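Trainee: I should like to go through the surroundings of the ligand and then one of the helices. May we begin with the make-up of the shell?

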Amino acid sequence: MKIAITGITGRLGGALARYYQAIGNKVIGLDRLACDLSKTDSLAITLDQIEFGALINPAAMTSLEVCENDPELSDRVNAIAPGILATVCAERQVPFIHISTDYVFDGKEPGTRSEKDPAKPISVYGKTKLVGEEAALSAYPQAWVARVSWLFGPERPGFVEMIRDRLVQGEPLGAIDDKFSCPTYVDDAAVALDHLLSLTDPAGGLVHVCNPGPTSWHGIACEIVARSEQPQTPVARQKLDEMTGFQAPRPVHTAMDVSYLEALTGHAMRPWQEALAAYFSTETE
Ligand SMILES: NC(=O)c1ccc[n+]([C@@H]2O[C@H](COP(=O)([O-])OP(=O)(O)OC[C@H]3O[C@@H](n4cnc5c(N)ncnc54)[C@H](OP(=O)(O)O)[C@@H]3O)[C@@H](O)[C@H]2O)c1
């Protein structure tokens with residue numbers, strides 16, 4: 001099958017392209033040049049010229065601060081474009097997966113969030129992503145909106161690589177210990193999304209995709225340290241409200257429950273600690 005993937009220069013889009021190529025699919029990589037999601041007036045016409053048998057949309061404005069500073073652009077890319085992509089897929093009757101986020105929740109209640117929990121985003125990023133979810137499902141009820149959280153993987157280094165590199169270089173470590181979610185290894189997300197894409201007669205709707213087990217950035221850092229050759233290295237505890245670089249509000253408790261994904265597909269996501277170990281082992285191969 002020809003699978004079109006947006007955002008292939010990004011962390012998840014790049015991993016999806018790598019995954020589908022590895023299992024022998026033809027990937028139509030839609031980078032920003034081929035398909036600019038901010039050009040909402042011409043997006044459907046652009047897609048009309050591209051042949052595909054399924055579409056996955058991980059592309060988004062993902063910086064909370066950029067979204068907060070440019071809500072109009074965030075609206076076009078994160079809120080309006082997903083509805084246009086879904087409409088095109090509905091007309092062609094081809095599978096569509098739109099990627100969303102745990103930041104649609106307000107994060108006020110400890111515990112894990114299911115797909116049935118109400119979404120009440122507190123940032124422009126979260127608000128525009130929620131409107132994008134609704135637009136996609138309203139245009140194409142058989143589409144999937146897959147919410148992921150705290151992505152890590154080789155395509156774009158982030159927090160995980162920063163902690164590991166600082167550890168190797170003997171630099172002091174610190175991480176926020178009062179914000180909780182679930183990490184998601186991009187390779188595991190790709191497998192889970194492929195299970196969704198392979199469902200015949202899909203119900204469509206919201207589905208949570210992450211490596212389960214609520215943790216904080218401090219918890220992730222401690223896990224990296226514990227599995228390293230310097231397992232006694234201390235990790236200082238930092239607080240969310242000390243982060244002066246964070247202008248946009250961040251929700252505190254957004255760990256997601258993945259039992260619906262397993263019920264739908266029969267595929268169980270491994271705990272994030274196993275996923276992290278798998279990522280580091282592939283890096284050293
Ligand atoms: N990263 C996380 O921890 C996280 C957590 C929860 C949910 N998510 C969701 O997961 C998805 C993937 O996130 P990610 O971390 O892989 O994102 P990312 O690494 O920030 O990549 C974003 C991608 O979107 C593309 N993009 C941005 N604006 C665009 C536009 N106007 N037209 C076309 N493409 C555009 C970027 O292209 P350029 O390279 O050209 O900028 C890039 O390829 C997103 O939907 C995000 O909301 C991510």
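Mentor: Certainly; please bear in mind that this is a predicted model.

Trainee: By class, which residues make up the shell around the ligand?

Mentor: Three classes are represented in the shell around the ligand. The charged class gives 6 residues and the polar class 8. The nonpolar class gives 12.

Trainee: Which residues come nearest to the ligand?

Mentor: The ligand has 26 residues around it. Those that come nearest are Thr9, Leu12, Thr62, Tyr125 and Lys129.

Trainee: How many Å separate an oxygen atom of the ligand from an N or O atom in the side chain of Tyr125?

Mentor: A polar contact requires N or O atoms within 3.5 Å. Ile99 places a backbone N or O atom 3.4 Å from a ligand oxygen, and Thr62 has a polar side-chain atom 2.6 Å from a ligand oxygen. For the side chain of Tyr125, the distance is 2.6 Å.

Trainee: What percentage of the area that the ligand exposes when taken alone does the protein bury?

Mentor: Taken alone, the ligand exposes 900 Å². Of that area, the protein buries 86%.

Trainee: Which element gives the largest share of the shell around the ligand?

Mentor: Helix H1 (11–22), strand S4 (96–101) and helix H5 (124–139) each give two or more residues to this shell. The largest share is 3 residues, and it comes from S4.

Trainee: How many Å apart are the end C-alpha atoms of helix H7?

Mentor: Helix H7 covers residues 186–198, 13 residues in total. At 1.5 Å a residue, the helix should span 18 Å. The end C-alpha atoms agree with this, being apart by 18 Å.

Definitions and conventions. Residues are numbered from 1 along each chain as its sequence is written. This is a predicted model: local features need pLDDT of at least 70, side-chain atom pairs count only at pLDDT 80 or more; totals for chains, interfaces and linings use all residues. Side-chain values use heavy atoms; hydrogens and water are left out. Helices (H or I, at least four residues) and strands (E, at least two) are DSSP runs, numbered from the N terminus. The expected span of a helix is 1.5 Å times one less than its number of residues. A residue is near a molecule or strand if one of its heavy atoms lies within 4 Å of it. A polar contact is a pair of N or O atoms within 3.5 Å; within protein, one must be able to donate a hydrogen and the other to accept it, and residues adjacent in sequence count only if both atoms are side-chain atoms. Accessible areas come from the Shrake-Rupley method with a 1.4 Å probe; for residues, only the protein chains shown count as cover. Ala, Val, Leu, Ile, Met, Phe, Trp, Tyr, Cys and Pro count as nonpolar, Asp, Glu, Lys and Arg as charged, and the others, Gly among them, as polar.
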